[in-house]
Amino acid sequence: MSSECIFCRIVAGTISAKRVYEDDLCLCFADLHPQAPTHLLIIPREHIASQAHAQEEHAALLGHLMAKAAQIARGSGLDHGYRVVINTGAEGGQTVDHLHLHLLGGRHMGWPPG
Ligand code: AMP
Ligand code: ZN
């Protein structure tokens, strides 16, 4: 837990968020600035700064996040597909330094990404 980190503060409940799912390992909430009709963030409760900081010891937790993304997508009616994104580091477009999955859906996604 880092008191400097916005997402740790959301985990702690000191910053509010529109929570759509939570369990003992992770939290899912609506992105404040949605980039698609459905735009959710899935984060571990544990502070991991980015995908670049992931270690073997995080494998089960990261697998859990991916499995929950699929479950939440099914529950959100994203039957025609969606995109899971992990922006990583400055060139990857990461702006919040607490690892998070973006779950984006409800419109066609272009490729390549910007
Ligand atoms: P990234 O740029 O990949 O690090 O993603 C960070 C995301 O967090 C952006 O899409 C922001 O809109 C979103 N965000 C930042 N602050 C909040 C907040 N307080 N509640 C919900 N989403 C947030
Ligand atoms: Zn954090």
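Biologist: Let's start with one residue: which residues does H64 touch, not counting those up to four places away in sequence?
Modeller: Keep in mind that this is a predicted model. Leave out the residues up to four places from H64 in sequence, and look at what has heavy atoms within 4.5 Å. What H64 touches is then D23, L25 and C26.

Biologist: And does H64 count as buried or exposed?
Modeller: H64 is found in helix 2. Its relative accessibility is 19%, and the cut-off for buried is under 20%. So H64 counts as buried.

Biologist: Zooming out, in what order do the elements of the protein chain run from the N terminus?
Modeller: The protein chain has two helices and five strands to place. Start at the N terminus and read along. You get α-β-β-β-α-β-β.

Biologist: Why does the radius of gyration of the protein chain agree with a compact globule?
Modeller: The protein chain has 114 residues, and for that number a compact globule would have a radius of gyration near 13 Å. The C-alpha trace spans about 35 × 30 × 25 Å along its principal axes. The two agree because the value for the protein chain is 14 Å.

Biologist: Which element gives the most to the largest nonpolar core?
Modeller: Nonpolar side chains in soluble globular proteins tend to be buried together. Here the largest nonpolar core has 16 residues, and C28, I42 and L65 are among those with the most contacts inside it. Strand 2 (26-30), strand 3 (38-44), helix 2 (59-75) and strand 5 (101-105) each give two or more residues to this core. With six residues, the one that gives the most is helix 2.

Biologist: How many residues are in the other core, the one that lies apart from it?
Modeller: Among the residues of that other core are F7, C8, I43 and V96. I42, by contrast, is listed for the largest core. The size of the other core is ten residues.

Biologist: Back to I42: what is it in contact with, leaving aside its neighbours within four places in sequence?
Modeller: I42 is one of the residues with the most contacts inside the largest core. With those neighbours left aside, the contacts of I42 are L27, C28, L65, A69, I72, L99, H100 and L101.

Biologist: Last one: how far apart do the centres of the positive and negative side chains lie?
Modeller: The protein chain has 8 positive side chains and 11 negative ones. Take the centre of each set, and the two centres lie apart by 10 Å.

How values were computed. Residues are numbered from 1 along each chain as its sequence is written. Chains are lettered from A and ligands numbered from 1 in the order in which they are written. This is a predicted model: local features need pLDDT of at least 70, side-chain atom pairs count only at pLDDT 80 or more; totals for chains, interfaces and linings use all residues. Side-chain values use heavy atoms; hydrogens and water are left out. Helices (H or I, at least four residues) and strands (E, at least two) are DSSP runs, numbered from the N terminus. The radius of gyration is taken over C-alpha atoms; the globule rule is 2.2 Å times the number of residues to the power 0.38. Lys and Arg count as positive and Asp and Glu as negative; His and the chain ends are not counted. The place of a charge is taken as NZ of Lys, CZ of Arg, CG of Asp or CD of Glu. A nonpolar core is a set of buried Ala, Val, Leu, Ile, Met, Phe, Trp, Tyr and Cys residues joined through side-chain atoms within 4.5 Å. Buried means under 20% relative accessible area, exposed over 50%, partly exposed in between (1.4 Å probe, protein chains only).
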